[in-house]
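Thanks, everyone. I'll show the structure and then go through two helices and the cysteines.

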Amino acid sequence: MSQPVRVRPDLEFVQELQAAGGHDLKKCYQCATCSVVCPLSPMDRSFPRKEMVWGQWGLKDKLVTDIDMWLCHKCGQCSEQCPRGAKPGELMGALRNMAYRDLVGPKFLGRWMSSVKHLPKLIAIPAVIYLIVWLITGSIHGTPFPLENGEIVFGLIFPGDFSIDPIFGLATLFVLWTFYKGVRTIFAAYEAQPKTFVLGYHKPRSLLSSFWQVIKEEVVTHKKWKDCGEEEEDETKFKGHLVLFYSFVALFIVTSVVAVTHWGGKILPFLHMGYPMPLWNPVKILANIGAIALVVGLIFLTKRRLNVTKKDESAYADWYLLGVIWVVALTGILSELLRLSGVAGLAYPVYFLHLVSVFMLIAYLPWSKLGHLVYRVAALTYARYMGRVSTEIENKQNKVFVL
């Protein structure tokens, strides 16, 4: 005789879920249209229908360990086709927003990143740090806008060796450690997930092999973004994400080269590179191309966000991330133009704003929407490793066995 199972709904969690973006959750009447139209959902235990059921019942334990919240790319087809307007895509986005908030500590940063009322605190942390640096260096030079041989040199006010590199270095180590803890938590939660076996599907030999396949077949090509619909707004989202991704790659390469030549040049003089770099320097050219690409990608994504549709609504997390990246891009470009123009009274304040925005982008990364760069890749890697493959692979198989 089977034993009864008692369902213990967490009503407070349901309210949190609705507040985080899943406000139309209760409209769902389990027709499964969302799972049918989703181009990315596996045939077995497909999403987002089961998440809608779990959300309505307040099954927090199931939702917080659900790998599929990260496999969803929020293309919005499920929300567009839902006959009840329940917006399943918004629920999946709300789950991720809650995960950014609660996955890792310190918890206060998660809370601050989830609400606009805490934005002044997030800005104040780097602003105060670099204002103190500016006060000290400005007093040393006798002016807050010093020149060297008649030229603006940002290092006079914000010396890299003593203010930029140590602060951003520590922030980066903090972020890497936080992501490490977050990924470990994700993998530990997924250990209890049922395993799916597909005939003809060759499971990768290791997590490293799975990771390489995800990078090669999905991250580099953005294939899943491309698969998320063929309408104009879908194409805009695909192009925006792809251009933005490669602009970050270009700027990461530039930052890495600058760090290696600067610090490596102290040990191996031949590595030394003079700063500021001339405009014809290949590294400077790559930096300017990356900055232009950043703006282009932002234009695509901002345009899509402004055109509110049934497919995809915008939450605070979406606008926070776009806003910070816009400030990073514009202050970075303006800093260079004002430096070349010799307008010290504007160049230094704009560069100060650039440092503040870059700090906000990097130091708060695990709690922002951009954290999906790590968490989604980790989930895709683990899903591929354990055999939870997408419909595109399953369609090629004759039979699916689930244990």
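This is a predicted model. I'll start with helix α9 and what packs over its buried residues. The cover includes α8 (107-113), α10 (154-157), α11 (160-190), α16 (316-341) and α17 (344-363). The buried residues in α9 are L122, P126, A127, Y130, V133, W134, T137 and G138.

On geometry, α9 runs over residues 119-141, 23 residues, and at 1.5 Å a residue should span 33 Å. Its end C-alpha atoms are 33 Å apart, so the expected span agrees with the model. There is a bend of about 25° at I125, with a proline, P126, following within four residues. P126 is also among the buried residues of the helix. Just past the end of α9, G142 has a positive phi of about 80°.

Next, α18, residues 372-386. Its 15 residues should span 21 Å, and the end C-alpha atoms are 20 Å apart, which agrees. Of those 15 residues, 12 are buried, so the rest of the structure largely encloses α18. Among the buried ones are H372, Y375, R376, R384 and M386. After α18 comes G387, again with a positive phi, here near 90°.

Last, the cysteines. How many disulfides does the structure hold? Zero. For C28, the closest cysteine sulfur is in C34, 6.3 Å away, which is too far for a bond, given a cut-off of 2.5 Å. For C34, the closest one is in C78, at 6.2 Å, so that pair is also too far for a bond. C28 counts as buried at 16% relative accessibility, and C34 counts as buried at 9%.

Notes
Residues numbered from 1 in each chain as written. Predicted model: local features only at pLDDT ≥ 70, side-chain atom pairs only at ≥ 80, totals over all residues. Heavy atoms only, no water. Buried < 20%, exposed > 50% of the residue type's maximum accessible area, 1.4 Å probe, protein only. Helix = DSSP H or I, 4+ residues; strand = E, 2+ residues; numbered from the N terminus. Expected span 1.5 Å × (residues − 1). Bend = angle between axes of the 7 residues up to and from the residue. Contact = heavy atoms within 4.5 Å.
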